Amino acid sequence: MKRLVVVGGGIAGLAAAYFAMEKAKKIGGSISLKLLDEKDRLGGCILTERVDDFIIEGGPDCFLSEKPWALALCEKLGLGDRVLNTNENRRVFILSHGKLHELPEGFMLMVPTSFLPFIKSSLISWQGKVRMAMDFFIPKKESDEEESLAEFVRRRLGEEALEKIAEPLVAGIHAGTPETMGLKSTFPRFLQIEEEYGSLIRGMLARRKMALQWQKKAGPKRTMFLTLIDGLGEWIECLKEKVGEERVGLKKKVVGLRRTEKGDYNIRLSDGASFETDSIILATPSFTTAKIVEEMDAKLSEILLTIPYVSSATVSLAYRRSQVHHPLDAFGFIIPRTEKRKIMASTWTSVKFNYRAPEDHVLLRAFVGGANNEELVGLDDEEMLRVVQQDLREIIGIEGDPILTRIYRWEKSMPQYLVGHLEKISKLEERISLQPGLFLTGCAYKGIGISDSVHDAEIIAGKAVEYLKNLN
(Lines give C-alpha, C1' and ligand atoms only; values in the text may rest on other atoms or scores of the structure.)
Protein backbone atom coordinates (compact mmCIF):
# COMPACT_ATOMS: atom_id res chain seq x y z
CA MET A 1 0.00 0.00 0.00
CA LYS A 2 1.33 3.44 -0.97
CA ARG A 3 2.08 5.81 1.90
CA LEU A 4 1.13 9.49 2.18
CA VAL A 5 1.87 11.82 5.08
CA VAL A 6 0.20 15.21 5.49
CA VAL A 7 1.98 17.60 7.85
CA GLY A 8 -0.19 20.39 9.30
CA GLY A 9 -3.65 20.03 10.79
CA GLY A 10 -5.17 23.36 9.79
CA ILE A 11 -7.97 23.55 7.24
CA ALA A 12 -5.53 23.07 4.34
CA GLY A 13 -3.98 19.93 5.83
CA LEU A 14 -7.30 18.43 6.91
CA ALA A 15 -8.86 19.12 3.51
CA ALA A 16 -5.81 17.67 1.72
CA ALA A 17 -6.03 14.49 3.81
CA TYR A 18 -9.76 14.15 3.21
CA PHE A 19 -9.52 14.76 -0.54
CA ALA A 20 -6.57 12.37 -0.89
CA MET A 21 -8.60 9.56 0.66
CA GLU A 22 -11.61 10.36 -1.52
CA LYS A 23 -9.55 10.54 -4.70
CA ALA A 24 -7.75 7.29 -3.93
CA LYS A 25 -11.13 5.54 -3.56
CA LYS A 26 -12.30 6.90 -6.91
CA ILE A 27 -9.43 5.29 -8.77
CA GLY A 28 -10.04 2.00 -7.02
CA GLY A 29 -7.04 2.15 -4.75
CA SER A 30 -6.27 2.85 -1.15
CA ILE A 31 -3.49 4.69 0.61
CA SER A 32 -1.89 4.52 4.00
CA LEU A 33 -2.46 8.03 5.31
CA LYS A 34 -1.11 9.84 8.34
CA LEU A 35 -1.87 13.43 9.37
CA LEU A 36 0.61 15.04 11.77
CA ASP A 37 0.41 18.29 13.70
CA GLU A 38 2.72 19.71 16.34
CA LYS A 39 -0.16 21.12 18.42
CA ASP A 40 -2.54 19.25 20.71
CA ARG A 41 -5.56 20.07 18.55
CA LEU A 42 -6.56 20.27 14.90
CA GLY A 43 -7.87 23.35 13.09
CA GLY A 44 -4.90 25.72 12.96
CA CYS A 45 -6.29 29.26 13.09
CA ILE A 46 -9.85 27.94 13.17
CA LEU A 47 -10.72 27.74 16.86
CA THR A 48 -14.28 27.82 18.20
CA GLU A 49 -14.97 28.07 21.92
CA ARG A 50 -18.36 27.74 23.59
CA VAL A 51 -18.68 29.56 26.90
CA ASP A 52 -22.12 29.22 28.47
CA ASP A 53 -24.42 30.32 25.61
CA PHE A 54 -21.75 32.29 23.75
CA ILE A 55 -20.08 30.90 20.63
CA ILE A 56 -16.71 32.58 20.22
CA GLU A 57 -14.45 32.32 17.17
CA GLY A 58 -10.78 32.82 17.97
CA GLY A 59 -9.71 33.06 14.33
CA PRO A 60 -11.79 33.34 11.14
CA ASP A 61 -15.54 33.35 11.71
CA CYS A 62 -16.80 32.68 8.18
CA PHE A 63 -16.01 31.84 4.58
CA LEU A 64 -17.09 33.40 1.29
CA SER A 65 -19.91 31.97 -0.78
CA GLU A 66 -18.66 33.58 -4.02
CA LYS A 67 -15.62 31.30 -3.85
CA PRO A 68 -17.53 28.00 -3.93
CA TRP A 69 -14.97 25.48 -2.67
CA ALA A 70 -15.49 25.79 1.09
CA LEU A 71 -19.28 25.58 0.75
CA ALA A 72 -18.92 22.63 -1.63
CA LEU A 73 -16.76 20.81 0.92
CA CYS A 74 -19.31 21.46 3.68
CA GLU A 75 -22.05 20.00 1.50
CA LYS A 76 -19.88 17.03 0.55
CA LEU A 77 -19.32 16.33 4.24
CA GLY A 78 -23.08 16.37 4.90
CA LEU A 79 -23.02 19.77 6.62
CA GLY A 80 -25.19 21.58 4.07
CA ASP A 81 -28.11 21.97 6.48
CA ARG A 82 -25.72 23.32 9.12
CA VAL A 83 -24.52 26.21 6.96
CA LEU A 84 -25.65 29.54 8.39
CA ASN A 85 -26.28 32.75 6.45
CA THR A 86 -25.57 36.16 7.90
CA ASN A 87 -28.54 38.14 9.16
CA GLU A 88 -30.29 40.60 6.87
CA ASN A 89 -28.67 43.78 8.17
CA ARG A 90 -25.52 43.79 6.07
CA ARG A 91 -24.36 47.34 6.62
CA VAL A 92 -20.76 48.12 7.48
CA PHE A 93 -19.48 51.36 9.01
CA ILE A 94 -16.17 53.11 8.42
CA LEU A 95 -14.68 55.38 11.07
CA SER A 96 -13.78 58.78 9.65
CA HIS A 97 -12.85 61.86 11.68
CA GLY A 98 -13.95 60.05 14.83
CA LYS A 99 -17.47 59.24 13.59
CA LEU A 100 -19.01 56.14 12.05
CA HIS A 101 -20.18 56.55 8.44
CA GLU A 102 -22.04 53.87 6.54
CA LEU A 103 -20.24 52.31 3.61
CA PRO A 104 -22.80 53.23 0.92
CA GLU A 105 -25.17 50.51 -0.23
CA GLY A 106 -24.04 48.94 -3.47
CA PHE A 107 -20.30 49.12 -2.84
CA MET A 108 -18.59 45.98 -4.11
CA LEU A 109 -15.30 45.90 -2.25
CA MET A 110 -14.11 49.47 -2.86
CA VAL A 111 -16.17 50.20 -5.99
CA PRO A 112 -19.55 52.04 -6.00
CA THR A 113 -22.31 50.42 -8.06
CA SER A 114 -25.39 52.34 -6.80
CA PHE A 115 -25.59 56.02 -7.72
CA LEU A 116 -27.90 57.57 -5.11
CA PRO A 117 -26.39 55.96 -1.97
CA PHE A 118 -22.95 56.97 -3.21
CA ILE A 119 -23.98 60.59 -3.84
CA LYS A 120 -25.72 60.86 -0.45
CA SER A 121 -22.86 59.30 1.48
CA SER A 122 -21.21 61.36 4.21
CA LEU A 123 -18.08 59.21 4.07
CA ILE A 124 -16.52 60.60 0.88
CA SER A 125 -16.11 64.31 0.17
CA TRP A 126 -17.51 65.82 -3.03
CA GLN A 127 -14.00 66.10 -4.41
CA GLY A 128 -13.45 62.44 -3.59
CA LYS A 129 -16.70 61.42 -5.28
CA VAL A 130 -15.81 63.33 -8.45
CA ARG A 131 -12.37 61.73 -8.46
CA MET A 132 -13.84 58.23 -8.08
CA ALA A 133 -16.29 58.92 -10.94
CA MET A 134 -13.33 59.75 -13.18
CA ASP A 135 -12.69 56.00 -13.27
CA PHE A 136 -15.11 55.93 -16.22
CA PHE A 137 -12.65 57.99 -18.31
CA ILE A 138 -9.20 56.87 -17.14
CA PRO A 139 -7.55 54.62 -19.74
CA LYS A 140 -6.36 51.20 -18.71
CA LYS A 141 -2.69 50.71 -17.89
CA GLU A 142 -0.58 49.65 -20.85
CA SER A 143 2.52 48.44 -19.00
CA ASP A 144 2.75 44.84 -17.75
CA GLU A 145 4.79 45.91 -14.72
CA GLU A 146 2.96 44.89 -11.55
CA GLU A 147 1.41 47.63 -9.45
CA SER A 148 0.85 47.58 -5.74
CA LEU A 149 -2.78 47.69 -4.67
CA ALA A 150 -2.24 51.27 -3.49
CA GLU A 151 -0.87 52.37 -6.87
CA PHE A 152 -3.81 50.77 -8.66
CA VAL A 153 -6.53 52.27 -6.41
CA ARG A 154 -4.86 55.69 -6.42
CA ARG A 155 -4.67 55.63 -10.23
CA ARG A 156 -8.24 54.54 -10.82
CA LEU A 157 -10.23 55.91 -7.85
CA GLY A 158 -8.03 58.47 -6.13
CA GLU A 159 -6.35 59.05 -2.78
CA GLU A 160 -9.50 59.40 -0.69
CA ALA A 161 -10.89 56.06 -1.87
CA LEU A 162 -7.56 54.49 -0.97
CA GLU A 163 -7.36 55.99 2.53
CA LYS A 164 -10.99 55.67 3.60
CA ILE A 165 -12.12 52.46 1.90
CA ALA A 166 -9.42 50.33 0.27
CA GLU A 167 -6.83 50.48 3.06
CA PRO A 168 -9.10 49.53 5.99
CA LEU A 169 -10.87 46.84 3.95
CA VAL A 170 -7.53 45.31 2.97
CA ALA A 171 -6.22 45.52 6.53
CA GLY A 172 -9.25 43.54 7.65
CA ILE A 173 -8.82 40.84 5.01
CA HIS A 174 -5.06 40.53 4.62
CA ALA A 175 -3.71 42.33 7.72
CA GLY A 176 -1.45 44.12 5.23
CA THR A 177 -0.83 47.51 3.70
CA PRO A 178 -1.87 48.44 0.14
CA GLU A 179 1.54 50.04 -0.54
CA THR A 180 3.32 46.68 -0.44
CA MET A 181 0.60 44.26 -1.59
CA GLY A 182 0.88 42.88 -5.09
CA LEU A 183 -2.28 43.47 -7.11
CA LYS A 184 -1.82 40.36 -9.25
CA SER A 185 -1.74 38.02 -6.25
CA THR A 186 -4.28 39.72 -3.96
CA PHE A 187 -6.98 41.20 -6.21
CA PRO A 188 -6.42 39.81 -9.72
CA ARG A 189 -10.12 40.39 -10.43
CA PHE A 190 -9.47 44.14 -10.58
CA LEU A 191 -6.91 43.64 -13.34
CA GLN A 192 -9.32 41.43 -15.26
CA ILE A 193 -12.10 44.00 -14.94
CA GLU A 194 -9.87 46.85 -16.07
CA GLU A 195 -8.73 44.82 -19.06
CA GLU A 196 -12.26 43.72 -20.04
CA TYR A 197 -14.27 46.88 -19.31
CA GLY A 198 -11.70 49.67 -19.15
CA SER A 199 -13.31 50.90 -15.91
CA LEU A 200 -13.73 49.38 -12.44
CA ILE A 201 -17.16 50.93 -11.94
CA ARG A 202 -18.41 49.85 -15.37
CA GLY A 203 -17.08 46.34 -14.80
CA MET A 204 -18.54 45.99 -11.30
CA LEU A 205 -21.93 47.20 -12.55
CA ALA A 206 -21.88 44.49 -15.21
CA ARG A 207 -20.81 41.83 -12.74
CA ARG A 208 -23.44 42.91 -10.24
CA LYS A 209 -26.10 42.51 -12.93
CA MET A 210 -24.81 39.02 -13.78
CA ALA A 211 -24.74 38.08 -10.08
CA LEU A 212 -28.35 39.16 -9.61
CA GLN A 213 -29.43 37.11 -12.63
CA TRP A 214 -27.53 34.08 -11.32
CA GLN A 215 -29.14 34.41 -7.88
CA LYS A 216 -32.60 34.25 -9.43
CA LYS A 217 -31.74 30.91 -11.08
CA ALA A 218 -29.81 29.46 -8.13
CA GLY A 219 -31.24 27.27 -5.40
CA PRO A 220 -31.38 28.25 -1.71
CA LYS A 221 -30.12 31.78 -1.27
CA ARG A 222 -26.68 32.07 0.28
CA THR A 223 -25.36 35.33 1.68
CA MET A 224 -21.83 36.54 0.94
CA PHE A 225 -20.48 35.36 4.30
CA LEU A 226 -21.29 31.89 5.63
CA THR A 227 -20.51 29.91 8.75
CA LEU A 228 -21.88 26.86 10.58
CA ILE A 229 -24.53 26.94 13.27
CA ASP A 230 -22.10 25.89 16.00
CA GLY A 231 -19.14 27.78 14.51
CA LEU A 232 -16.35 26.74 12.17
CA GLY A 233 -15.04 24.32 14.79
CA GLU A 234 -17.98 22.09 13.81
CA TRP A 235 -16.37 21.78 10.37
CA ILE A 236 -13.01 20.79 11.85
CA GLU A 237 -14.62 18.09 14.00
CA CYS A 238 -16.43 16.68 10.98
CA LEU A 239 -13.25 16.58 8.89
CA LYS A 240 -11.40 14.93 11.77
CA GLU A 241 -14.07 12.23 11.92
CA LYS A 242 -14.00 11.68 8.15
CA VAL A 243 -10.21 11.40 8.05
CA GLY A 244 -10.29 9.09 11.06
CA GLU A 245 -8.77 9.76 14.46
CA GLU A 246 -6.58 6.67 14.09
CA ARG A 247 -4.78 8.43 11.22
CA VAL A 248 -4.14 11.64 13.18
CA GLY A 249 -0.99 12.21 15.22
CA LEU A 250 -1.07 15.26 17.51
CA LYS A 251 1.94 16.75 19.28
CA LYS A 252 4.07 15.32 16.49
CA LYS A 253 6.49 18.01 15.35
CA VAL A 254 8.27 17.32 12.06
CA VAL A 255 11.77 18.81 12.13
CA GLY A 256 13.49 17.29 9.11
CA LEU A 257 13.00 15.62 5.76
CA ARG A 258 15.40 13.86 3.42
CA ARG A 259 15.35 11.59 0.41
CA THR A 260 16.43 8.00 0.94
CA GLU A 261 18.42 5.85 -1.49
CA LYS A 262 15.15 4.13 -2.46
CA GLY A 263 13.70 7.50 -3.53
CA ASP A 264 11.10 7.82 -0.79
CA TYR A 265 11.18 10.30 2.09
CA ASN A 266 12.47 9.94 5.63
CA ILE A 267 10.55 12.10 8.11
CA ARG A 268 12.24 13.05 11.37
CA LEU A 269 10.27 14.13 14.45
CA SER A 270 11.38 16.31 17.35
CA ASP A 271 11.20 13.33 19.74
CA GLY A 272 13.85 11.52 17.72
CA ALA A 273 11.48 9.14 15.96
CA SER A 274 11.64 8.77 12.17
CA PHE A 275 9.80 6.85 9.47
CA GLU A 276 9.45 6.65 5.69
CA THR A 277 6.72 7.68 3.29
CA ASP A 278 6.30 7.57 -0.47
CA SER A 279 4.83 11.06 -0.69
CA ILE A 280 4.38 14.02 1.63
CA ILE A 281 2.17 17.11 1.63
CA LEU A 282 3.47 19.98 3.76
CA ALA A 283 0.50 22.13 4.80
CA THR A 284 2.49 24.19 7.29
CA PRO A 285 3.33 27.92 7.30
CA SER A 286 6.02 28.57 4.70
CA PHE A 287 8.64 29.48 7.33
CA THR A 288 7.97 26.14 9.10
CA THR A 289 8.13 24.33 5.78
CA ALA A 290 11.48 26.05 5.13
CA LYS A 291 12.94 24.53 8.31
CA ILE A 292 11.59 21.08 7.48
CA VAL A 293 13.15 20.98 3.98
CA GLU A 294 16.34 22.94 4.73
CA GLU A 295 18.63 19.91 5.09
CA MET A 296 17.25 18.29 1.95
CA ASP A 297 17.01 21.40 -0.28
CA ALA A 298 18.58 24.62 0.97
CA LYS A 299 17.52 26.54 -2.15
CA LEU A 300 13.87 25.59 -1.67
CA SER A 301 14.12 26.66 1.96
CA GLU A 302 15.61 29.99 0.92
CA ILE A 303 12.73 30.74 -1.46
CA LEU A 304 10.14 29.81 1.18
CA LEU A 305 11.69 32.24 3.65
CA THR A 306 11.07 35.17 1.27
CA ILE A 307 7.33 35.05 2.05
CA PRO A 308 6.82 37.39 5.05
CA TYR A 309 4.18 37.01 7.75
CA VAL A 310 2.56 39.37 10.25
CA SER A 311 0.88 38.70 13.59
CA SER A 312 -2.61 39.63 14.71
CA ALA A 313 -4.97 39.06 17.62
CA THR A 314 -8.71 38.90 18.13
CA VAL A 315 -10.39 40.09 21.30
CA SER A 316 -13.98 39.00 21.97
CA LEU A 317 -16.06 40.80 24.59
CA ALA A 318 -19.57 40.02 25.80
CA TYR A 319 -21.89 42.64 27.31
CA ARG A 320 -25.45 42.95 28.42
CA ARG A 321 -27.32 44.71 25.63
CA SER A 322 -28.19 47.59 27.95
CA GLN A 323 -24.47 48.40 28.37
CA VAL A 324 -24.03 49.28 24.69
CA HIS A 325 -25.51 52.61 23.61
CA HIS A 326 -25.08 52.15 19.86
CA PRO A 327 -28.04 50.55 18.02
CA LEU A 328 -25.63 47.97 16.55
CA ASP A 329 -27.48 48.15 13.24
CA ALA A 330 -24.64 46.76 11.12
CA PHE A 331 -22.10 43.94 11.04
CA GLY A 332 -19.46 46.22 12.55
CA PHE A 333 -16.92 48.78 11.45
CA ILE A 334 -13.45 49.14 9.97
CA ILE A 335 -10.90 51.81 10.79
CA PRO A 336 -8.50 53.60 8.40
CA ARG A 337 -5.00 53.93 9.82
CA THR A 338 -5.29 57.73 9.51
CA GLU A 339 -7.66 57.55 12.52
CA LYS A 340 -4.70 56.37 14.64
CA ARG A 341 -6.70 53.89 16.69
CA LYS A 342 -5.34 50.76 18.35
CA ILE A 343 -7.88 48.37 16.82
CA MET A 344 -8.20 47.72 13.08
CA ALA A 345 -11.88 46.79 13.06
CA SER A 346 -14.74 45.39 15.09
CA THR A 347 -17.25 42.71 14.14
CA TRP A 348 -20.56 42.71 16.00
CA THR A 349 -20.63 38.94 16.08
CA SER A 350 -24.09 38.42 17.56
CA VAL A 351 -25.56 40.82 14.98
CA LYS A 352 -23.77 39.20 12.06
CA PHE A 353 -24.82 35.63 12.92
CA ASN A 354 -27.57 34.04 14.99
CA TYR A 355 -26.90 31.74 17.96
CA ARG A 356 -23.75 33.64 19.05
CA ALA A 357 -25.05 35.16 22.31
CA PRO A 358 -27.97 34.64 24.71
CA GLU A 359 -30.96 36.95 24.59
CA ASP A 360 -30.39 40.50 25.84
CA HIS A 361 -26.61 40.11 25.40
CA VAL A 362 -24.19 41.04 22.64
CA LEU A 363 -20.88 39.56 21.55
CA LEU A 364 -18.38 41.96 19.97
CA ARG A 365 -14.99 41.21 18.47
CA ALA A 366 -12.03 43.53 17.87
CA PHE A 367 -8.96 42.98 15.71
CA VAL A 368 -5.50 44.08 16.79
CA GLY A 369 -2.11 44.05 15.10
CA GLY A 370 -1.49 43.44 11.41
CA ALA A 371 1.19 45.13 9.34
CA ASN A 372 0.51 48.60 10.76
CA ASN A 373 0.42 47.80 14.49
CA GLU A 374 2.00 44.37 14.84
CA GLU A 375 3.73 45.29 18.10
CA LEU A 376 0.33 45.50 19.86
CA VAL A 377 -0.01 41.71 19.65
CA GLY A 378 2.74 41.55 22.27
CA LEU A 379 0.75 43.50 24.89
CA ASP A 380 -0.16 41.52 27.99
CA ASP A 381 -3.82 40.58 28.44
CA GLU A 382 -4.65 43.38 30.84
CA GLU A 383 -3.20 46.10 28.62
CA MET A 384 -4.71 44.66 25.45
CA LEU A 385 -8.15 44.58 27.03
CA ARG A 386 -7.69 48.15 28.25
CA VAL A 387 -6.83 49.59 24.81
CA VAL A 388 -9.57 47.59 23.05
CA GLN A 389 -12.23 48.63 25.56
CA GLN A 390 -11.13 52.25 25.35
CA ASP A 391 -11.50 52.32 21.57
CA LEU A 392 -14.88 50.57 21.66
CA ARG A 393 -16.11 52.81 24.45
CA GLU A 394 -15.22 55.95 22.54
CA ILE A 395 -16.54 54.75 19.17
CA ILE A 396 -19.84 53.05 20.03
CA GLY A 397 -20.44 54.00 23.67
CA ILE A 398 -20.21 51.19 26.23
CA GLU A 399 -20.85 51.40 29.97
CA GLY A 400 -19.10 49.21 32.51
CA ASP A 401 -16.96 46.12 32.10
CA PRO A 402 -17.61 43.13 29.86
CA ILE A 403 -19.07 40.03 31.46
CA LEU A 404 -16.78 37.81 29.40
CA THR A 405 -13.52 38.31 27.46
CA ARG A 406 -11.34 36.09 25.34
CA ILE A 407 -8.01 36.98 23.69
CA TYR A 408 -6.49 34.90 20.89
CA ARG A 409 -3.04 35.75 19.59
CA TRP A 410 -1.96 34.51 16.17
CA GLU A 411 1.80 34.89 15.92
CA LYS A 412 3.06 35.17 12.34
CA SER A 413 -0.19 33.75 11.01
CA MET A 414 -0.92 36.03 8.05
CA PRO A 415 1.27 35.63 4.95
CA GLN A 416 1.84 38.82 2.98
CA TYR A 417 1.49 38.70 -0.80
CA LEU A 418 3.90 41.46 -1.72
CA VAL A 419 4.54 42.84 -5.19
CA GLY A 420 6.31 39.99 -6.99
CA HIS A 421 4.57 37.21 -5.04
CA LEU A 422 3.57 35.29 -8.18
CA GLU A 423 7.21 35.24 -9.30
CA LYS A 424 8.13 33.65 -5.95
CA ILE A 425 5.45 31.00 -6.42
CA SER A 426 6.75 30.28 -9.92
CA LYS A 427 10.27 29.76 -8.52
CA LEU A 428 8.87 27.55 -5.76
CA GLU A 429 7.01 25.33 -8.20
CA GLU A 430 10.09 25.02 -10.38
CA ARG A 431 12.19 24.00 -7.39
CA ILE A 432 9.61 21.58 -5.96
CA SER A 433 9.50 19.76 -9.29
CA LEU A 434 13.02 18.56 -8.47
CA GLN A 435 11.62 16.66 -5.48
CA PRO A 436 9.07 14.15 -6.87
CA GLY A 437 6.46 13.23 -4.31
CA LEU A 438 6.83 16.45 -2.29
CA PHE A 439 3.86 18.85 -2.36
CA LEU A 440 3.09 22.14 -0.62
CA THR A 441 -0.26 23.69 0.19
CA GLY A 442 -1.68 26.31 2.55
CA CYS A 443 -2.46 30.00 2.65
CA ALA A 444 1.10 31.15 1.91
CA TYR A 445 0.89 30.41 -1.79
CA LYS A 446 -2.28 30.87 -3.83
CA GLY A 447 -4.88 32.58 -1.65
CA ILE A 448 -5.18 33.37 2.05
CA GLY A 449 -8.90 32.74 2.48
CA ILE A 450 -10.45 29.53 3.79
CA SER A 451 -12.07 28.75 0.45
CA ASP A 452 -8.83 29.34 -1.45
CA SER A 453 -7.04 27.00 0.97
CA VAL A 454 -9.65 24.29 0.45
CA HIS A 455 -9.41 24.68 -3.32
CA ASP A 456 -5.62 24.41 -3.40
CA ALA A 457 -5.68 21.47 -0.97
CA GLU A 458 -7.97 19.57 -3.31
CA ILE A 459 -5.71 20.23 -6.29
CA ILE A 460 -2.59 19.21 -4.36
CA ALA A 461 -4.27 16.09 -2.97
CA GLY A 462 -5.12 15.09 -6.53
CA LYS A 463 -1.51 15.51 -7.61
CA ALA A 464 -0.24 13.47 -4.66
CA VAL A 465 -2.65 10.61 -5.35
CA GLU A 466 -1.73 10.67 -9.07
CA TYR A 467 1.95 10.48 -8.11
CA LEU A 468 1.33 7.49 -5.83
CA LYS A 469 -0.76 5.79 -8.49
CA ASN A 470 2.13 5.97 -10.96
CA LEU A 471 4.76 4.67 -8.52
CA ASN A 472 6.14 1.22 -9.34
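**Notebook: strands, a helix and two cores**

I began with a single pair: Phe333 has Ser346 in β17 as its bridge partner. I am working from a predicted model, so I keep that in mind throughout.

**Entry 1, around β17.** I followed that pair outwards. Strand β16 (residues 332-334) and β17 run antiparallel to each other and share three bridges. I then looked for what else β17 pairs with, and found strand β18 (residues 361-369), again antiparallel, joined by four bridges. There, Ile343 sits opposite Val368 of β18. Is β17 mostly covered or uncovered? I checked residues 343-347 and found five of the five buried, so I noted β17 as mostly covered.

**Entry 2, a three-stranded sheet.** Next I turned to an open sheet with the order β11-β12-β13 and antiparallel pairing. β11 (254-259) and β13 (274-277) are its edge strands; each has a single partner, so one side of each lacks a neighbour in the sheet. I noted an average twist of 25° from one strand to the next. Between β11 and β12 (residues 265-269) I found five bridges in the antiparallel sense. One pair I wrote down is Val254 with Leu269 in β12.

**Entry 3, helix α15.** I tested the length of α15 (residues 421-432) first. Twelve residues at 1.5 Å a residue should span 16 Å, and the end C-alpha atoms are 16 Å apart, which agrees. Which residues of α15 are buried? I listed His421, Lys424, Ile425, Leu428 and Ile432. Looking down the axis of α15, I saw these buried residues fall within an arc of 100°, so they line one face of the helix. That fits the general rule that an α-helix has 3.6 residues a turn, so residues three or four places apart point the same way. On the other side of α15, Lys427 and Glu430 are exposed. I also looked up the cover over the buried residues of α15, which includes α7 (183-186), α12 (298-304) and β20 (438-440).

**Entry 4, the cores.** Last, I went to the largest nonpolar core, which has 45 residues. Phe63, Leu73, Trp235 and Ile450 have the most contacts inside this core. At least two of its residues come from each of β1 (2-7), α1 (11-26), β2 (31-37), α2 (69-76), β9 (225-228), α10 (233-243) and α16 (450-469). The largest share, ten residues, is from α1. I picked Trp235 for a closer look: leaving aside residues up to four places away in sequence, its contacts include Ile11, Phe63, Leu73, Leu228, Ile450 and Val454. Apart from this core I found another, of 33 residues, including Leu149, Phe190, Met204 and Ala345.

Methods: Residues are numbered from 1 along each chain as its sequence is written. This is a predicted model: local features need pLDDT of at least 70, side-chain atom pairs count only at pLDDT 80 or more; totals for chains, interfaces and linings use all residues. Side-chain values use heavy atoms; hydrogens and water are left out. A nonpolar core is a set of buried Ala, Val, Leu, Ile, Met, Phe, Trp, Tyr and Cys residues joined through side-chain atoms within 4.5 Å. Buried means under 20% relative accessible area, exposed over 50%, partly exposed in between (1.4 Å probe, protein chains only). Contact means heavy atoms within 4.5 Å. Two strands pair if DSSP finds at least two bridges between them. Axes are lines fitted to C-alpha atoms, for helices over the stretch in contact, and angles run from 0 to 180 degrees between N-to-C directions. The expected span of a helix is 1.5 Å times one less than its number of residues. The arc is that of the directions from the helix axis to the C-beta atoms.
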